[in-house]
Amino acid sequence: MSSTGPATAVGEDQRRDACATREAILKVARRRFSLCGYADVTLRDIAADAEVSAALVVKYFGSKESLFAEASGFEQDAERLLDCELPHLGEHLVRTLLDYHDRTQGDPLVRAVFTSSRPAGAQFRANFERQLVTRLAKRLTGPKARLRAELVCSHLMGLGAARLVLRTKAISAEPKENLIAITAPLLQTWIDGPP
């Protein structure tokens, strides 16, 4: 029997637990900063919601400022949303966002809306613009690419707000595949641009 087998398994479990804990803290931080704004959130609040100690939050993120900087990023969300060829991007955007809703009961685009008007929300807004809207606009061909990119993002924001915040009856009740079938062609029209 190898002397490294059990120790390696324990080490992997600890790393997996550490990653899960870090993600749980980040998820709570995103929600807290979105709802309350930077000035009204404490590391103790985040720790309590994540069911960890404030010292553990500091261990993983260093400071409230560092945690906010990471929580305000859209890099990973933008990667997932834009990871598709243009001819199929409309469907991919809607499907990816609805899957995100189901998996996390959250929405990175709605988070941007709520947070951008709060104190220190400028960083959220800047990250959203740079990491999602500008990247999408650069991929689009034809006239008014920036406007079309903003229209796509605004439609996705509205869908997320209706589904997760307002919980409107018809959108909330509609099966996911139907929402994709209804919404994706509209987004694809903006993505493709004028003929």
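Here is a quick tour of this structure, from its annotated stretch to its nonpolar core and its salt bridges. Keep in mind that you're looking at a predicted model. The largest nonpolar core has 47 residues, and a search of the whole structure turns up 11 salt bridges.

**The annotated stretch**

- An unreviewed UniProt entry labels residues 42-61 as a "DNA-binding region".
- Residues 42-61 are 80% helix and 0% strand, and the C-alpha atoms at the two ends sit 13 Å apart.

**The nonpolar core**

- As a bit of background, nonpolar side chains tend to be buried together in soluble globular proteins.
- Within the 47-residue core here, the members that touch the most others are Phe33, Leu67, Leu93 and Phe128.
- The top contributor to this core is helix H9 (residues 145-165), which puts in seven residues.
- Both domain 1 (9-71) and domain 2 (74-192) supply at least three residues each to this core.
- Take Phe128 as a close-up: setting aside neighbours within four places in sequence, Phe128 is in contact with Phe74, Leu109, Ala112, Val133, Cys153 and Met157.

**A salt bridge between helices H1 and H2**

- Arg32 pairs up with Asp45 in a salt bridge, with 3.9 Å between the closest N and O atoms.
- This pair links distant parts of the chain, 13 residues apart: Arg32 belongs to helix H1 (residues 5-36) and Asp45 to helix H2 (residues 43-50).
- Arg32 counts as partly exposed because its relative accessibility is 21%, and Asp45 counts as partly exposed at 24%.

**A salt bridge inside helix H6**

- Arg95 and Glu91 also form a salt bridge, at 3.1 Å from N to O.
- These two are four residues apart in helix H6 (residues 89-104), so about one helical turn separates them.
- Arg95 is partly exposed, with a relative accessible area of 27%, and Glu91 is partly exposed too, at 40% relative accessibility.

**A salt bridge between H6 and H11, and its network**

- Lys176 makes a salt bridge with Asp102, and the closest N and O atoms are 3.5 Å apart.
- Here again distant parts of the chain are linked: Lys176 is in helix H11 (residues 176-192) and Asp102 is in helix H6, 74 residues apart.
- Lys176 is partly exposed at 25% relative accessibility, and Asp102 is partly exposed with a relative accessible area of 43%.
- The pair is part of something wider: Asp99, Asp102, Arg163 and Lys176 are joined into one network by salt bridges that share partners.

Notes
Residues are numbered from 1 along each chain as its sequence is written. This is a predicted model: local features need pLDDT of at least 70, side-chain atom pairs count only at pLDDT 80 or more; totals for chains, interfaces and linings use all residues. Side-chain values use heavy atoms; hydrogens and water are left out. UniProt positions are given in the numbering used here, feature names are shortened, and annotations may be inferred rather than shown by experiment. A nonpolar core is a set of buried Ala, Val, Leu, Ile, Met, Phe, Trp, Tyr and Cys residues joined through side-chain atoms within 4.5 Å. Buried means under 20% relative accessible area, exposed over 50%, partly exposed in between (1.4 Å probe, protein chains only). Domain bounds come from an automatic or database domain assignment. Contact means heavy atoms within 4.5 Å. A salt bridge is a side-chain nitrogen of Lys or Arg within 4 Å of a carboxyl oxygen of Asp or Glu.
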